[in-house]
Amino acid sequence: MSETKSTAGPLAALDERLRDTRLFFTQALRTFHATGSILPSSPALARAMAEHVRVRPVPDEPLRIMEVGAGTGAITRGIAAAMRPGDTADLVEANPEFAAHLEHLLETDPALSPIAPQAQVHAKLVGDMGTDRTYDVILSGLPFANFTADSVREILEYYFEVLRPGGHLSFYGYLYTKEVKAVIARREDYLRQARTSWVVQDWIDRYGVRSDRVIANIPPAFVHHLRKPDKTP
């Protein structure tokens, strides 16, 4: 008698992903300034963002990880796939709908439930996380292109304050955003984004170690990896 395999698992996972996308799309239409996209990040982008969780200088040393702007968990899945025993992850998400959804995923999602004992969701702005903890890796999904230059500078300074010396910061931006806005955006919006991009580029020039182009995402993206310098002797 042949054995019939159940498809409940894969179908349940697909249904969960579809719910993620519907929730993200709904919230993005309401709060585009805070999401920056109308579709969740792709698995390819998640893998690129999790580079320094997956490849670590001391293989057996646990990592303290912070993800900012965790959304519906698209990048979190890339983090979860790379996490090892002893790692911990703070998932920061200011949108209460997304934060509640992440809590649910940690209980039910096959990709995320294994890290539930190691992860904590924080429903707050990243600046409200305080400075009483430090991290080895920070992954930021915040849409810098939608923020003012001063806000982006403040966020980056905070990241480097809580990042340990030698630690890595990874964040992404969409390709051709500035060029598109130059054509369709109001002049003041284009100038705001230009000033923001100068701040971002300054940090990349000072601390960047690598940038990866991710075509398999909608829209295509760059992932920038920055490293905080080691303490001087």
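In this predicted model, a good place to start is helix α5 (residues 74–82), where eight of the nine residues are buried, so the helix is largely enclosed by the rest of the structure. The buried residues of α5 are Ala74, Ile75, Thr76, Arg77, Gly78, Ile79, Ala80 and Ala82. For the protein chain as a whole, which has 233 residues, the buried share is 46%.

The wider setting of this helix can be laid out briefly. The protein chain contains nine helices and seven strands. Among its contacts with a separation of 6 or more, 73% involve residues 24 or more positions apart.

The seven strands come together in an open sheet with mixed pairing, and reading across the sheet gives the order β3-β2-β1-β4-β5-β7-β6. At the edges stand β3 (119–122) and β6 (208–214); each has a single partner strand, so one side of each is left without a neighbour in the sheet. On average, and with direction ignored, neighbouring strands of the sheet are turned by 15° against each other. As background, strands of a sheet pair through backbone hydrogen bonds, in either a parallel or an antiparallel manner. Here, strand β5 (residues 163–174) and strand β7 (residues 221–227) run antiparallel and are joined by seven bridges. Gly173, for instance, has Phe222 in β7 as its bridge partner.

The loop between β6 and β7 is home to Pro219. The peptide bond that leads from Ile218 to Pro219 is cis, with omega near -10°. For context, most peptide bonds are trans.

Two helices can be placed against the sheet. Helix α6 (residues 96–108) lies across β2 (88–92) and β3, and runs at about 165° to β3. Helix α7 (residues 149–162) lies across β1 (64–68), β4 (135–140), β5 and β7, with an angle of about 145° to β5.

The loop between β2 and α6 holds Asn95. With a relative accessibility of 12%, Asn95 counts as buried, because the cut-off for a buried residue is under 20%. A polar atom of the Asn95 side chain lies 3.2 Å from the backbone nitrogen of Phe98.

Attention then turns to the aromatic side chains. Across the whole structure, a search finds five aromatic pairs. In one of them, the ring centres of Phe160 and Trp203 are 5.0 Å apart and the planes meet at 80°, so the pair is edge-to-face. Phe160 belongs to helix α7 and Trp203 to helix α9 (residues 187–207), so this pair ties together parts that are 43 residues apart in sequence. Both Phe160 and Trp203 are buried, and the relative accessible area of Phe160 is 8%.

Phe160 also pairs with Tyr207: the centres of these rings are 4.7 Å apart and their planes stand at 45°, so the pair is tilted. This pair, too, links distant parts of the chain, with Phe160 in helix α7 and Tyr207 in helix α9, 47 residues apart. Phe160, Trp203 and Tyr207 form one aromatic cluster. Arg206 joins the picture as well, lying over the face of Trp203 at 4.9 Å from the ring centre.

Methods: Residues numbered from 1 in each chain as written. Predicted model: local features only at pLDDT ≥ 70, side-chain atom pairs only at ≥ 80, totals over all residues. Heavy atoms only, no water. Pairing = 2+ DSSP bridges. Helix = DSSP H or I, 4+ residues; strand = E, 2+ residues; numbered from the N terminus. Axes fitted to C-alpha atoms, helices over the stretch in contact; angles between N-to-C directions. Contact = heavy atoms within 4.5 Å. Buried < 20%, exposed > 50% of the residue type's maximum accessible area, 1.4 Å probe, protein only. Phe/Tyr/Trp six-rings, centres within 6.5 Å; stacked < 30°, edge-to-face > 60°. Lys NZ or Arg CZ within 6 Å of the ring centre and 35° of its normal. Polar contact = N/O pair within 3.5 Å; in protein donor to acceptor, adjacent residues only side chain to side chain.
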